[in-house]
Amino acid sequence: PSRRAPSPPASDTPASPAPPATEPAVPSAPPMPASNEAPAARDAMPEALASALSHIVGQLDVLTETMRLLEERLTMNEDKTNKVVQIIGAAAEASEA
């Protein structure tokens, strides 16, 4: 499920919402590579946009790690399935002999 950034509270008292317990902590995005144009571009970027982009990068990092773990689990299940198929095949050959 996709999540939106929380909107500012309607009251005059600022509230800082706690992140959901199920969301893993993500490291901050690595700094942008240095170039002749990068400092000027970063200075011109509004703070809200920079924050949103940083959040998106963090979410992409979470998705990348999730995909890596899913691929690892899939590979383990494929290996176990292949072993079961080999065992069943060997048992079938032994029963035919």
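**Salt bridges and surface of a predicted helical chain**

By the rule used here (a side-chain nitrogen of Lys or Arg within 4 Å of a carboxyl oxygen of Asp or Glu), the count comes to two salt bridges. This is a predicted model: local features need pLDDT of at least 70, side-chain atom pairs count only at pLDDT 80 or more, and totals for chains, interfaces and linings use all residues. Residues are numbered from 1 along each chain as its sequence is written, and side-chain values use heavy atoms, with hydrogens and water left out.

Reader: How many helices and strands are in the protein chain?

Author: Helices (H or I, at least four residues) and strands (E, at least two) are DSSP runs, numbered from the N terminus. The protein chain has two helices and zero strands.

Reader: Which residue pairs with Arg68 at 2.7 Å, N to O?

Author: Arg68 and its partner are three residues apart in helix H2, so about one helical turn separates Arg68 and Glu65. Arg68 counts as partly exposed, at 41% relative accessibility (buried is under 20% relative accessible area, exposed over 50%, partly exposed in between; 1.4 Å probe, protein chains only). The partner in the 2.7 Å salt bridge is Glu65.

Reader: What network do the salt bridges form?

Author: Arg68 also meets Glu72 in a salt bridge, at 3.2 Å, N to O. Both lie in helix H2, four residues apart, about one turn of the helix. Salt bridges that share partners give one network: Glu65, Arg68 and Glu72.

Reader: Is Leu53, in helix H2, buried, partly exposed or exposed?

Author: Leu53 belongs to a nonpolar surface patch with Leu49, Ile56, Leu60 and Leu63. Patch residues have over 30% relative accessible area and no salt bridge; like charges are joined within 9 Å, nonpolar side chains (Val, Leu, Ile, Met, Phe, Trp, Tyr) within 5 Å. The relative accessibility of Leu53 is 40%, so Leu53 counts as partly exposed.

Reader: What area does the protein chain expose?

Author: Buried residues make up 3% of the 97 residues. Accessible areas use the Shrake-Rupley method with a 1.4 Å probe; for residues, only the protein chains shown count as cover. Carbon and sulfur atoms supply 63% of the exposed area, which is about 8800 Å².

Reader: Over which residues does pLDDT stay under 50?

Author: pLDDT is the predictor's confidence in each residue, from 0 to 100. The chain averages 76, and 56% of the residues score at least 70. pLDDT stays under 50 over residues 7-21.

Terms used. Contact means heavy atoms within 4.5 Å.
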